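Biologist: Could you walk me through how the helices pack in this one? I'd like to go question by question.

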Amino acid sequence: MKKFAILVAATCMLTGTHAFANDSSKQEAAAAVQAAVKAVEAAKAVRGEWRDSYKILGKAKAAYKKGDYATTLKLAGKVERQGQIGKAQAMAEAGAGKIADTRYR
């Protein structure tokens, strides 16, 4: 009887811990998607969004709705990096043509 009580207590503890871990990963996934959206919108503002960013963002949102938070974090992180790099690329290339035009006048 003692072993059974210990087994039940351990099962309850593990189940409870899993529920809290799942909730925190859900919040992390939601925050990651929001950060990805902000990064892509910032890149779009300077005309630097990458072609596949919105496709991948859609997949991340679909994974979030299914409850696959690990995939959501992975995809949202990828989209966020694409947004940041796209914005930096657009900003770096913004004045590239202007320098060449003034040099040959």
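What follows is a short conversation about helix packing and burial.

Modeller: Happy to help! This is a predicted model, in which local features need pLDDT of at least 70, side-chain atom pairs count only at pLDDT 80 or more, and totals for chains, interfaces and linings use all residues. Residues are numbered from 1 along each chain as its sequence is written, and side-chain values use heavy atoms, with hydrogens and water left out.

Biologist: Are α2 and α3 roughly parallel or roughly antiparallel to each other?

Modeller: Helices here are DSSP runs of H or I with at least four residues, strands are E runs of at least two, and numbering starts from the N terminus. The axes, lines fitted to C-alpha atoms over the stretch in contact, of α2 (residues 53-66) and α3 come within 8 Å and cross at roughly 160°. Angles run from 0 to 180 degrees between N-to-C directions; under 35 degrees counts as roughly parallel, over 145 as roughly antiparallel, 65 to 115 as roughly perpendicular and the rest as oblique. The two helices are therefore roughly antiparallel.

Biologist: Is Thr72 buried or exposed?

Modeller: Thr72 sits in helix α3, residues 69-93. Leaving aside neighbours within four places in sequence, Thr72 is in contact (heavy atoms within 4.5 Å) with Ala29, Val33, Ala60, Ala63 and Tyr64. Buried means under 20% relative accessible area, exposed over 50% and partly exposed in between, using a 1.4 Å probe and protein chains only. Because its relative accessibility is 0%, Thr72 counts as buried.

Biologist: Which element gives the largest share of the largest nonpolar core?

Modeller: A nonpolar core is a set of buried Ala, Val, Leu, Ile, Met, Phe, Trp, Tyr and Cys residues joined through side-chain atoms within 4.5 Å. The largest has ten residues, including Val33, Ile56, Leu75 and Val79. Two or more residues each come from α1 (2-45), α2 and α3. The largest share, four residues, comes from α1.

Biologist: Which residues does Ile56 touch, not counting those up to four places away in sequence?

Modeller: Ile56 belongs to the largest nonpolar core. On the α2 side, Ile56 also helps make the contact with α3. The residues touched by Ile56, with that sequence limit, are Leu75, Lys78, Val79 and Gln82.

Biologist: What separates the C-alpha atoms of Ala43 and Glu80?

Modeller: Ala43 is found in helix α1 and is buried, with a relative accessible area of 0%. Beyond four places in sequence, the contacts of Ala43 include Gly83, Gly86 and Lys87. Ala43 and Glu80 are 37 residues apart along the chain, and their C-alpha atoms are separated by 9.9 Å.
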